[in-house]
Amino acid sequence: TCLFNEHATRDRPAVRHEFAAHGIVVFKGEWTRRDPDITAFLQKHGRSGVPLYLLYDGKGGATVLPQILTETTVLNAVAKI
């Protein structure tokens, strides 16, 4: 799912353009070894596992995005911040 989402969204020219235009930086967490801090972070956002996609608004607020992303979903979320 994670690799599909990367190719279907983040790697798209329109998404890259909007991320750059809004100063959005992509951070990726690694949960292969079930780190307890990441587990707690996932649970804080209502998830029991990955993927978890958050879009921060620059003021500390975060929007939880769906686990399966589309280019349109991401672009619409960016347009709202």
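Visitor: What makes Lys 28 count as exposed?
Guide: Lys 28 has 61% relative accessibility. The word exposed is kept for residues over 50% relative accessible area, buried for those under 20%, and partly exposed for those in between, with a 1.4 Å probe and protein chains only. Because 61% is over 50%, Lys 28 counts as exposed.

Visitor: Before we go on, what should I know about the model?
Guide: This is a predicted model, where local features need pLDDT of at least 70, side-chain atom pairs count only at pLDDT 80 or more, and totals for chains, interfaces and linings use all residues. Residues are numbered from 1 along each chain as its sequence is written, and side-chain values use heavy atoms, leaving out hydrogens and water.

Visitor: Why is the contact of Glu 6 with Lys 28 called a salt bridge?
Guide: A salt bridge needs a side-chain nitrogen of Lys or Arg within 4 Å of a carboxyl oxygen of Asp or Glu. The closest N and O atoms of Glu 6 and Lys 28 are 2.8 Å apart, so the pair passes the test. Glu 6 lies in helix α1 and Lys 28 in the loop between α2 (13-22) and α3, so this pair ties together parts that are 22 residues apart in sequence. Helices here are DSSP runs of H or I with at least four residues, strands are runs of E with at least two, and both are numbered from the N terminus.

Visitor: How do you know whether Glu 6 is buried or exposed?
Guide: Look at its relative accessibility, which is 14%. That value is under 20%, so Glu 6 counts as buried.

Visitor: Which residue meets Arg 10 in a salt bridge, and how do you know?
Guide: The partner of Arg 10 is Glu 6, with N to O at 3.6 Å. Since 3.6 Å is within 4 Å, the name fits. Arg 10 and Glu 6 both lie in helix α1 (residues 2-10), four residues apart, about one turn of the helix. An α-helix has 3.6 residues a turn, so residues three or four places apart point the same way. As for Arg 10, it counts as partly exposed because its relative accessibility is 28%.

Visitor: What makes Glu 71 and Arg 12 a salt bridge?
Guide: Their closest N and O atoms are 3.9 Å apart, and because that is within 4 Å, the pair counts. Glu 71 is in helix α4 (residues 71-79) and Arg 12 in the loop between α1 and α2, so the pair ties together parts 59 residues apart in sequence. Glu 71, at 24% relative accessibility, counts as partly exposed, and so does Arg 12 at 38%. Salt bridges with shared partners also join Glu 6, Arg 10 and Lys 28 into one network. By the salt-bridge rule, the count comes to three.

Visitor: What makes you say that a charge sits over the ring of Trp 31?
Guide: The rule asks for NZ of Lys or CZ of Arg within 6 Å of the ring centre and within 35 degrees of the ring normal. The charged end of Arg 34 sits over that ring, 4.2 Å from its centre. Because 4.2 Å is within 6 Å, the distance part is easy to check. Arg 34 is in the loop between α2 and α3, and with a relative accessible area of 55% it is exposed.

Visitor: What is notable about phi of Arg 34?
Guide: Phi of Arg 34 is near 55 degrees, a positive value in a residue other than glycine. Most residues other than glycine have a negative phi, and most peptide bonds are trans. The peptide bond from Val 50 to Pro 51 is cis, with omega near 5 degrees, and Pro 51 is in the loop between α3 and β1.

Visitor: How do you know that β1 and β2 pair?
Guide: Two strands pair if DSSP finds at least two bridges between them. Four bridges join β1 (residues 53-56) to β2 (residues 62-65), and the strands run antiparallel. Four satisfies "at least two", so they pair. For Tyr 53, the bridge partner in β2 is Leu 65.

Visitor: Why is Thr 9 called buried?
Guide: Its relative accessibility is 4%, and because 4% is under 20%, Thr 9 counts as buried. Thr 9 lies in helix α1. Leaving aside neighbours within four places in sequence, Thr 9 is in contact (heavy atoms within 4.5 Å) with Val 15, Leu 69, Thr 70, Glu 71 and Val 74.
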